[in-house]
Amino acid sequence: MIRVAVDAMGGDYAPGEIVKGAVQAAEQRKDIQIVLIGQEEVVREELKKYSFQEGQITVQNATEVIATEEPPVNAIRKKKDSSLVVGMNMVKRGEADAIVSAGSSGAILVGGQVIVGRIKGVERPPLAPLIPTEKGVSLLIDCGANVDARPSHLVQFARMGSIYMEHVVGIKNPRVAIVNIGAEEEKGNALVKETFPLLKECPGINFIGSIEAREIPHGGADVVVCEAFVGNVILKLYEGVGATLISKVKEGMLSSLRSKIGALLVKPALKETLKSFDASKYGGAPLLGLNGLVVKTHGNSKATEVRNSIIQCVTFKEQGINEKIRESLGTEKTE
């Protein structure tokens, strides 16, 4: 059984959608044991709405909640009985294999490093979401954890991302590229120029060079390497353009009687096509390089994304991703 701690109080739609997603995950996978962490009375009230296998979902009381606007370091330090900190400590002590949270990104990043701890040799843990592409999915690494990364950090991101894509997603010898403003090696800012030759010489990764942003949706690389400022801009633009296009397509289809008739004909095929570009189906973004698994889901996550984030923890654990990262870096687990 894989034991997953879930921050029931984190996110815009907590605890309702979080509890609902947890129940859905338990229904789909009987090899998961879920611990919902939060204000016990509130969480149990939500659980009453559903039926589930006894013992597969339990509740761990935590009296405090970390709000999105709180300074992350202070929140982690002072709110010891918050749902997030309690869950992080469970992972640290080995009482849970993973924690999933839709709460404050800053608090999750701080808590992951301070409480769960980095694998020895990992300089910076990156956030690495899967993003939909024309050819399937790509891993965007980093999308929000390290806005002032160094070349050595990006090299580690590439190595950890390659391990994740091969063993979790199942892509053999994944193609690794660094985000740049052109394909030529001499292009880019100082960080990209310094990192490029290091990636070129890095053993164990299939480095294919630079990738321009317009090639990312086409699946030009399996692992897309960048520092967090660039990665976050790519991710947010990706989400915004996708939502806008879907809105405009719907608007166009309902603009006249003729288009409405056409819409009825193409609706099944269009619905199926758009499903493949629904980022929520891929779950959350793991914070790679920690001694335990920490998964950050969107703050506005609904039940589907919560469910998928919980389920992705199973593959991560079964494939021993942390062990493979330690092996890749030639390190042992830190205490």
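This is a short talk on one sheet and two helices in the structure above.

Hi everyone, thanks for coming. Please keep in mind that this is a predicted model.

Let's start with the sheet. Five strands, written 5 in my notes, make an open sheet, and reading across, the order is β5-β6-β9-β7-β8 with mixed pairing. Which strands sit at the edges? Those are β5, residues 130-133, and β8, residues 206-211, and each of them pairs on one side only. On average, neighbouring strands in this sheet are turned by 30 degrees against each other, ignoring direction.

Now step inside the sheet, to β7 and β9. Strand β7 covers residues 175-179 and strand β9 covers residues 223-225, and the two pair in the parallel sense over 3 bridges. If you want a residue to click on, try V176: its bridge partner in β9 is V223.

Next, helix α6. This helix lies across β5, β6, β7 and β9, and runs at about 150 degrees to β6, which is residues 136-141.

Helix α6 also meets a second helix. The axes of α6, residues 151-169, and α7, residues 190-201, come within 9 Å and cross at roughly 50 degrees. How are they oriented to each other, then? At that angle, which falls between 35 and 65 degrees, α6 and α7 are therefore oblique. The crossing of α6 past α7 is right-handed. On the α6 side, the contact is made by P151, L154, V155 and A158, while α7 brings L191, E194, T195, L198 and L199. Sorted by class, that contact has 7 nonpolar residues, 1 polar and 1 charged.

Thanks, and I'm happy to rotate the model for anyone.

Technical notes. Residues numbered from 1 in each chain as written. Predicted model: local features only at pLDDT ≥ 70, side-chain atom pairs only at ≥ 80, totals over all residues. Heavy atoms only, no water. Axes fitted to C-alpha atoms, helices over the stretch in contact; angles between N-to-C directions. Helix = DSSP H or I, 4+ residues; strand = E, 2+ residues; numbered from the N terminus. Parallel < 35°, antiparallel > 145°, perpendicular 65-115°, else oblique. Left-handed = near helix turned anticlockwise from the far one by under 90°. Contact = heavy atoms within 4.5 Å. Nonpolar A, V, L, I, M, F, W, Y, C, P; charged D, E, K, R; others polar. Pairing = 2+ DSSP bridges.
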